[in-house]
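Morning, everyone. Please have a look at the structure on the screen, and then I'll walk you through it.

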Amino acid sequence: MIKKIGVIIGRMNPLHLGHIKLIQTSLQNNDITIVILWSDGLYNENNPLTTQQRKDCIEFEFNSPNNLQIQAIVDTVTDKQWVELIAKQIPTTQTLTFYGGDFKNDSAIHAVKNYIDLLNTTDVRFIEIPRANLEISATEVRELIKNGNTKKALTKMWKLSGNMILKMI
C-alpha cells in the first residue's frame, strides 16, 4: 500500500504558476502525486485547451516523473457523484493530502470535504498554498482567448509558465 498520496484537482486550463507550485509541493512531500483534471472533454471558448493539451503541458513542465499521475474526470450533476469519480482515481493509502490555492472559493475542496467518507483512507489532510502573490489568473487568460486577444493571452501565459507556452507553440 502507498503511504502518502497528494492530490491536486483543477481545470488547469491553462496551467499556471500556482498549479505548478501545488504540484511541486505535493511531489516533494508524497510518494505519489495525482493531478485530477476536471471538465474532461469540455473544449469551448471558456476552456481553450483540450484535456490532452492540458495533460501534455503538465507532463512537459515536470518531465513526466514516475511519481506523477494525471487523471481526467467529467463534470457530473451532483458533488457526491463527482467525489465518487475522484475516489475511483485514488488508490487506498494511509495519508491522503489535497492541495489547493484558495480553499474559501474552491468548489472541488468543498465537495471533497462534504463527502470525505467516500475516500479510500481515514487520514485526509488539506494544505492551502495561497495564490495571493501571483500576478496572473487563468480566468483572465481564458477571457483574453475568448475575446480574440491571443497575443496578449500568450504574453500572460508566458508569465504563467515559460516551458508550457513553448510546448504549445
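A quick definition to start: two strands count as paired if DSSP finds at least two bridges between them. And a caution: this is a predicted model.

Let's begin with the strands. β1 and β4 pair in the parallel sense, over six bridges. Within that, Ile 8 stands opposite Tyr 99 in β4. Now the other neighbour. β1 and β2 also pair in the parallel sense, over six bridges. Here Ile 9 has Ile 36 in β2 as its bridge partner.

How do β1 and β2 connect? Helix α1, residues 17–29, joins them in a right-handed β-α-β unit.

Stay on β2 for a moment. Ile 32 lies in this strand. Is Ile 32 buried or exposed? Buried means under 20% relative accessible area. Ile 32 has 14% relative accessibility, so it counts as buried. What does Ile 32 touch, once neighbours within four places in sequence are set aside? Its contacts are Ile 2, Lys 4, Ile 5, Gly 6, Asn 67 and Gln 69. Asn 66 is worth a look too. Its C-alpha atom is 8.3 Å from that of Ile 32, although the two are 34 residues apart along the chain.

Next, the inside. In soluble globular proteins, nonpolar side chains tend to be buried together. In this model, the largest nonpolar core has 21 residues. Which of them touch the most other members? Val 7, Ile 9, Ile 86, Ile 90, Phe 98 and Leu 119. The elements giving two or more residues to this core are β1 (2–10), β2 (32–37), α3 (79–89), β4 (93–100) and α4 (107–114).

Take Phe 98 from that list. Leave out its neighbours within four places in sequence, and its contacts include Val 7, Ile 9, Ile 90, Phe 103 and Ile 109. Val 112, Leu 119 and Phe 126 are also among them. So is one charged residue I'd point to, Arg 125.

There is also a second, separate core, with 15 residues. Its members include Ile 8, Leu 37, Ile 58 and Ile 70.

Last stop: helix α5, residues 138–146. Its buried residues are Ala 138, Val 141, Arg 142 and Leu 144. Seen down the helix axis, they fall within an arc of 160°, so they line one face of α5. Just after α5 comes Gly 148, with a positive phi of about 80°.

That's the tour. Thanks for listening.

Methods: Residues numbered from 1 in each chain as written. Predicted model: local features only at pLDDT ≥ 70, side-chain atom pairs only at ≥ 80, totals over all residues. Heavy atoms only, no water. Buried < 20%, exposed > 50% of the residue type's maximum accessible area, 1.4 Å probe, protein only. Helix = DSSP H or I, 4+ residues; strand = E, 2+ residues; numbered from the N terminus. Arc of directions from axis to C-beta. Core = buried A, V, L, I, M, F, W, Y, C linked by side-chain atoms within 4.5 Å. Contact = heavy atoms within 4.5 Å. Right-handed = clockwise from strand over helix to strand, strands pointing away.
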